[in-house]
Amino acid sequence: MNISHNFFLYFKDNQPILFNYKEKKEYSPRKEYLRALVDYSNTEEDITEKENIVNDFINTDILTQNNNQDQPYLNYYAHMFHHITKDTSNAMADSTEEEWAGQYLEVCKRVKKVEFPRRGQIEDFEVVVTLPQADEVNIDLIDTLKKRKTIREFEETSVNIQQLSNLLFYSFGYVHGVEKEYGPFRRRTSPSGGSLQIIEPYVAIFNVEGVENGIYWYEPETHSLCKVNDHFSYQDLRECLAGQFFANDCSFGIFLAANLEILAWKYKTPRNYKVVYLEAGHFSQTSQIIAVTQSLQTWITGAFKESAIEKFCKMDGITKIPVFFTAYGKGKFSHMHTIMKKKLDEYRD
Ligand SMILES: Cc1cc2nc3c(=O)[nH]c(=O)nc-3n(C[C@H](O)[C@H](O)[C@H](O)COP(=O)(O)O)c2cc1C
């Protein structure tokens with residue numbers, strides 16, 4: 001017999017929990033069960049005389065004939081995460097459509113009893129830059145999509161405030177105004193889980209005419225930038241991006257953050273973490289497309305140091321977390337930075 005790979009052990013409130021992450025079942029093992037498991041795992045000590053314990057282990061699949069080990073296509077922790085978040089709750093799967101709608105309404109009524117978390121507001125900030133109203137943007141969609149390309153070498157170029165305003169408004173602004181059918185929620189040009197609008201852009205300004213450098217939080221209600229940090233250099237940016245230097249000389253960058261307080265107001269299952277990243281992806285793509293309409297190029301990264309971004313953007317990393325980064329500016333329309341290309345050429349020679 002083997003100890004199944006489908007379990008991990010953790011501690012909650014000083015109590016051990018054995019968690020079957022595939023079945024999503026928690027067990028609170030008593031001391032003798034834990035001891036038997038530890039003895040067996042270390043030494044494969046014969047525990048057959050502990051018949052009750054062995055039977056319980058077999059009945060709960062903790063001991064199995066095989067070891068339930070899957071092909072490690074995903075990193076093992078990612079594999080566990082995938083299973084923990086797999087299969088949305090199917091409690092309502094067998095209901096009629098009428099029943100389903102009724103049950104959904106009950107969930108909404110329950111959620112509504114809790115006060116909606118307060119969003120940030122411009123009053124919370126000392127320095128606020130009100131952006132000019134966005135221009136009309138008319139584009140050929142397919143042509144724009146074809147022009148989007150990830151570049152990795154920006155050239156020092158200043159962007160005007162109107163380009164920034166357009167990009168922020170059409171990517172993150174409340175472009176529809178107030179829509180009765182969605183009130184009190186708002187919509188933007190990208191879809192949002194439950195229309196909760198958890199994605200919040202933190203804009204790092206390096207070279208934008210009319211806007212002082214620093215990091216700003218974008219407030220879509222008034223289409224303004226609210227200063228969160230006066231000082232932020234390209235070197236600081238590299239610290240955030242795990243040493244990647246491809247955003248050097250970009251005109252501005254955007255850290256997409258997720259407001260987990262708002263997310264958890266409605267969605268509390270482990271699956272909510274998946275939704276955060278799916279949503280960030282939609283906003284990132286929209287902003288890259290809008291960047292093309294503003295004659296800007298982009299570089300994006302999912303490889304970064306959250307703790308550094310939290311420090312510079314003054315996020316607590318609990319109610320709000322960084323989830324993606326996008327740089328905007330003008331540069332070589334090449335997928336490779338000169339330094340990388342030189343290294344590659346030397347290697348080839
Ligand atoms: C989720 C995600 C993460 C990415 N992370 C990085 C990254 O860390 N560094 C980087 O240089 N490019 C990163 N990229 C950019 C991809 O390398 C790029 O999209 C790919 O090479 C295809 O090129 P294209 O965007 O021009 O179509 C990322 C793209 C996505 C969608």
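These legends go with a handful of close-up views of a predicted model.

**View 1. The hairpin of β2 and β3, with D13 in its turn.** Strands β2 (7–12) and β3 (15–20) are the ones on show here. They pair in the antiparallel sense, with 6 bridges between them. To get your bearings, find K12, which stands opposite Q15 in β3. The two strands leave 2 residues between them, and D13 in that turn has a positive phi of about 50°. That's worth a second look, since D13 is not a glycine, and most residues other than glycine have a negative phi. Is D13 buried or exposed? D13 counts as exposed because it has 5 C-beta neighbours inside 10 Å, and the cut-off for exposed is 12 or fewer.

**View 2. On to the next hairpin, β3 and β4.** Strand β4 covers residues 25–27, and 3 bridges join it to β3. This pair runs antiparallel. For a landmark, look for F19, whose bridge partner in β4 is E26. How many residues sit between the strands of this hairpin? There are 4, and K24 takes a positive phi near 55° in this hairpin.

**View 3. A cis peptide bond in a loop.** Zoom in on the link from G183 to P184: that peptide bond is cis, with omega near 0°. In general, most peptide bonds are trans. P184 itself belongs to the loop between α6 (161–172) and β8 (199–205).

**View 4. A242, another residue with a positive phi.** Phi of A242 is near 55°, and A242 is a residue other than glycine. You'll find A242 in the loop between α7 (234–240) and β11 (252–259). A242 has 11 C-beta neighbours inside 10 Å, so it counts as exposed.

**View 5. The residues around the ligand.** Which residues are around the ligand? From the lower numbers come K149, T150 and R152, then Q244 and F246, and finally I300, T301, G302 and A303. If you're sorting this shell by chemistry, it divides into 3 nonpolar, 4 polar and 2 charged residues.

**View 6. Helix α10 and its buried residues.** The helix takes in residues 306–313, and its buried residues are I309, F312 and C313. Those three cover an arc of only 90° around the axis, so they end up on the same side of α10. What do the buried residues of α10 pack against? The list has strands β8, β9, β10 (224–229), β11 and β13 (320–331), along with helix α7. Just after α10 comes K314, with a positive phi of about 55°.

**View 7. G210 in its loop, with D143 for reference.** G210 lies in the loop between β8 and β9 (214–219). G210 is partly exposed, because 14 other C-beta atoms fall within 10 Å. Where is D143 relative to G210? The two are 67 residues apart in sequence, and their C-alpha atoms are 30 Å apart in space.

**View 8. The span that UniProt annotates as a domain.** An unreviewed UniProt entry places the feature "domain: Nitroreductase" at residues 145–329. In this model the span is 32% helix and 24% strand. Its end C-alpha atoms lie 17 Å apart.

Conventions: Residues numbered from 1 in each chain as written. Predicted model: local features only at pLDDT ≥ 70, side-chain atom pairs only at ≥ 80, totals over all residues. Buried ≥ 20, exposed ≤ 12 C-beta atoms within 10 Å, placed from the backbone. Near = placed C-beta within 6 Å. Nonpolar A, V, L, I, M, F, W, Y, C, P; charged D, E, K, R; others polar. Arc of directions from axis to C-beta. Contact = placed C-beta atoms within 7 Å. UniProt positions renumbered as here; feature names shortened; annotations may be inferred. Pairing = 2+ DSSP bridges.
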